[in-house]
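Colleague: Could you talk me through this one? I have a few quick questions.

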Amino acid sequence: MYIVMLGAPGTGKGTIGKILSKDLNLTHVSTGDIFREQINRKTELGKKIEGYIESGALVPDDVVIETVKTRLLEPDVENGAILDGFPRTAAQAEALKYFLKENKPEAKRVAIELDVPDDEIIRRVVNRLICTNKSCGAIYNKETKPPKEEGICDVCGSKLKKRDDDNKETVTKRLEIYRQNSKDLIDFYRVNNALYSIYPKDVDIAVKDIENFLEEYKSKK
C-alpha cells in the first residue's frame with residue numbers, strides 16, 4: 001500500500017508518517033529529505049530546488065515527479081511506502097496514479113489528510129527544532145514538546161537546530177501557496193474514495209484512528 005500524507009507544512013506529516021512507517025513496516029519517503037540530499041550534494045537539480053525553497057515557492061511539478069519516480073523504483077519501496085510531501089498538486093497525483101498503475105498494478109493507494117488551522121501551524125513551525133543527526137531526525141517544539149536539555153536531542157544527544165526557513169513570513173507564504181493548490185488535490189482523492197481527513201490534536205490518538213481506517217480500507221476490494 002502506498003499512503004500519501006496530505007496537509008500544509010507544519011501539520012505533522014513527518015512525525016505521524018514516521019510512526020506509521022514503523023508500525024506498518026513501510027519505508028517513509030520524504031520529498032524534503034530527497035531534496036535536501038540533492039542540495040547538500042550541490043547537484044544542478046539541488047541548486048534549482050534550493051532557489052525555490054529559499055523563496056518559499058513550491059518546486060515545479062516536472063522536477064518533483066521525476067525525482068519521486070526514480071525513488072519509487074528502488075527495492076525498499078517495492079511493496080509500498082509512506083509518501084510525505086508528494087503529491088502536492090492534482091497533476092502530481094495523476095502522475096503517481098499512472099506510475100503505480102504501470103509499475104505496481106496490484107498496489108493500493110490512499111491519502112491521509114492532516115487538517116490543521118493556519119494559526120496553529122504557524123505557532124508550530126516557528127517554534128520547531130530538528131535534530132541535526134540525519135539518521136535520527138527527531139522533531140521538537142519549544143512550546144509544546146521541548147527537549148529535556150535545551151538544544152540537545154533526547155533520543156541521540158545530537159544538537160538541535162531551527163531551520164532557516166522556519167519563520168512566520170516564509171510559513172505564511174507557503175500556506176497561501178498550499179491553499180491555492182490543495183483543493184484540486186484533495187478533491188482528486190475524495191472523488192476516488194481514497195481520502196481520510198483528520199485533525200491531529202493528539203498524535204497517539206490520531207495514529208490509532210488512521211491505522212484503524214487503513215485496516216478497514218485494506219480489506220476492501
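Modeller: Lysine 13 is buried (under 20% relative accessible area with a 1.4 Å probe, protein chains only), yet it has no salt bridge, meaning a side-chain nitrogen of Lys or Arg within 4 Å of a carboxyl oxygen of Asp or Glu. The nearest side chain of opposite charge, aspartate 84, is 4.7 Å away, where Lys and Arg count as positive and Asp and Glu as negative, with His and the chain ends not counted. This is a predicted model, in which local features need pLDDT of at least 70 and side-chain atom pairs count only at pLDDT 80 or more, while totals for chains, interfaces and linings use all residues. Residues are numbered from 1 along each chain as its sequence is written, and side-chain values use heavy atoms, without hydrogens and water.

Colleague: Which backbone oxygen lies 2.9 Å from a polar atom of the lysine 13 side chain?

Modeller: That of glycine 7.

Colleague: And what does lysine 13 touch, not counting residues up to four places away in sequence?

Modeller: Taking contact as heavy atoms within 4.5 Å, lysine 13 touches Met5, Leu6, Gly7, Ala8, Asp84, Gly85 and Leu114.

Colleague: New topic: which peptide bond is cis?

Modeller: The one from phenylalanine 86 to proline 87, with omega near -5°. Most peptide bonds are trans.

Colleague: What about asparagine 25, is it buried or exposed?

Modeller: Asparagine 25 counts as exposed, because its relative accessibility is 71% and the cut-off for exposed is over 50%. Asparagine 25 also has a positive phi of about 55°, although it is not a glycine.

Methods. A polar contact is a pair of N or O atoms within 3.5 Å; within protein, one must be able to donate a hydrogen and the other to accept it, and residues adjacent in sequence count only if both atoms are side-chain atoms.
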